[in-house]
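The following exercises ask for a reading of one structure, from its surface to individual side chains. Each task is followed by a worked solution.

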Amino acid sequence: MDIRALLMGLTFAFIWSSAFTSARFIVADAPPLASLALRFLISGILGVILAAMMGQTWRLTRDQWRATFIFGLCQNALYLGLNFVAMQTIEASVASIIASVMPLMVAFAGWIIFRDRLPAMAVAGLIAGVIGVAIIMGARISAGVDIYGMALCGLGVVALTIATLSMRGASSGGNLMMVVGLQMLVGSAVLALASASLEVIEVNWTWELGVAMVYTMLAPGLLATWIWFALVARIGAVRAATFHFLTPFFGVAIAALLLGETLGVMDLIGVAVITIGILAVQLSKQIPSQS
């Protein structure tokens, strides 16, 4: 097993999952789309500046430009925009659980569109991950959940799947941090237009809002996105996406710690199954698929 890839994936999953909780703090005091537009504007500018300091340029390959626009639209504007709106009515833990079905969608799309071949162990791992998510989600649904919010999160997962698949070739031309910064600026522009059309800007200025915004810009915004691009370049989109199966555990645990959301026995059982799925997919890297 590639230990570095495993550590990168775990770090990404933790930071990524924490964004659901920070989002709940943000949407409690500010309009969701405008908040995201501001977050991506600042993060994008910082990313471009860092890229320039690292000697990177705007001279991207055609695949990189394509990935930059698709990723900026689908992940930043659609996936996160829909999730921010949804978290006005559903818990952060529910949103994180729904997001974790993305790896199965990436694997299915990779098989249908790109004719990717997965070892049997990888397929079993993906199935185990879905079962684990279903265990956690079943407990949540039985407790009652807003269907409209769930639907928005579901549409967001579809957009995230498209964004993940668009990253094929995004890292091959170098300038990785520049790609990260530019795709955030794309998302900011789309979200700003949506906010101007749909929202009334009313902000309740609190220290919680300030801390959540700064954290979201720097950690899930810049650091996690950079790790994600590097991870996909290292192990591929399908296997990298399996780390999203850890989103329910980290998402529920962080929400329970900071927001007081419930962490039950079924959550722990689901996490155990998800962990087995992650391990199976990672171990499958060492087993060549059969043609």
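**Exercise 1. Surface and burial**

Task: State what area the chain exposes and which atoms supply 72% of it.

Solution. The exposed surface of the chain amounts to about 12500 Å². Carbon and sulfur atoms supply 72% of that area. These values belong to a predicted model. As a second step, consider burial by residue: of the 291 residues, 53% count as buried, the criterion being a relative accessible area under 20%.

**Exercise 2. Fold and dimensions**

Task: Determine how many helices and strands the chain has, and decide whether the chain is as compact as a globular protein of its length.

Solution. Step one is the count of elements: the chain has 12 helices and 0 strands. Step two compares the radius of gyration, 18 Å, with the 19 Å that the globule rule gives for 291 residues; the two are close, so the chain is as compact as a globular protein of that length. Step three adds the extents of the C-alpha trace, about 55 × 50 × 30 Å along the principal axes. Step four concerns contacts: among those between residues at least 6 apart in sequence, 93% join residues at least 24 apart.

**Exercise 3. Charges and the salt bridge**

Task: Identify the side chains that meet in a salt bridge, and explain how their places in sequence relate to the helix.

Solution. Begin with the charges as a whole: the chain carries 13 positive and 11 negative charges, whose mean positions lie 19 Å apart. The structure holds 1 salt bridge. Its partners are D63 and R66, with an N to O distance of 3.8 Å, which satisfies the 4 Å cut-off. Both residues belong to helix 3 (residues 62-86), and because they are 3 residues apart, about one helical turn separates them. Finally, examine accessibility: D63 is partly exposed at 38%, and R66 is likewise partly exposed, at 36%.

**Exercise 4. The surroundings of L185**

Task: Locate L185 in its helix, classify its exposure and list its contacts beyond four places in sequence.

Solution. L185 lies in helix 8 (residues 176-198). Its relative accessible area is 28%; because this value falls between the 20% and 50% limits, L185 is partly exposed. With neighbours within four places in sequence set aside, L185 contacts F40, L41, G44, I45 and V48. For a distance in the other direction along the sequence, take I235: it is 50 residues from L185 in sequence, and their C-alpha atoms are 26 Å apart.

Notes. Residues numbered from 1 in each chain as written. Predicted model: local features only at pLDDT ≥ 70, side-chain atom pairs only at ≥ 80, totals over all residues. Heavy atoms only, no water. Helix = DSSP H or I, 4+ residues; strand = E, 2+ residues; numbered from the N terminus. Buried < 20%, exposed > 50% of the residue type's maximum accessible area, 1.4 Å probe, protein only. Rg over C-alpha atoms; globule rule 2.2 N^0.38 Å. Contact = heavy atoms within 4.5 Å. Areas by Shrake-Rupley, 256 points an atom, 1.4 Å probe, with all protein chains shown as cover. Lys, Arg positive; Asp, Glu negative; His and termini not counted. Charge placed at Lys NZ, Arg CZ, Asp CG, Glu CD.
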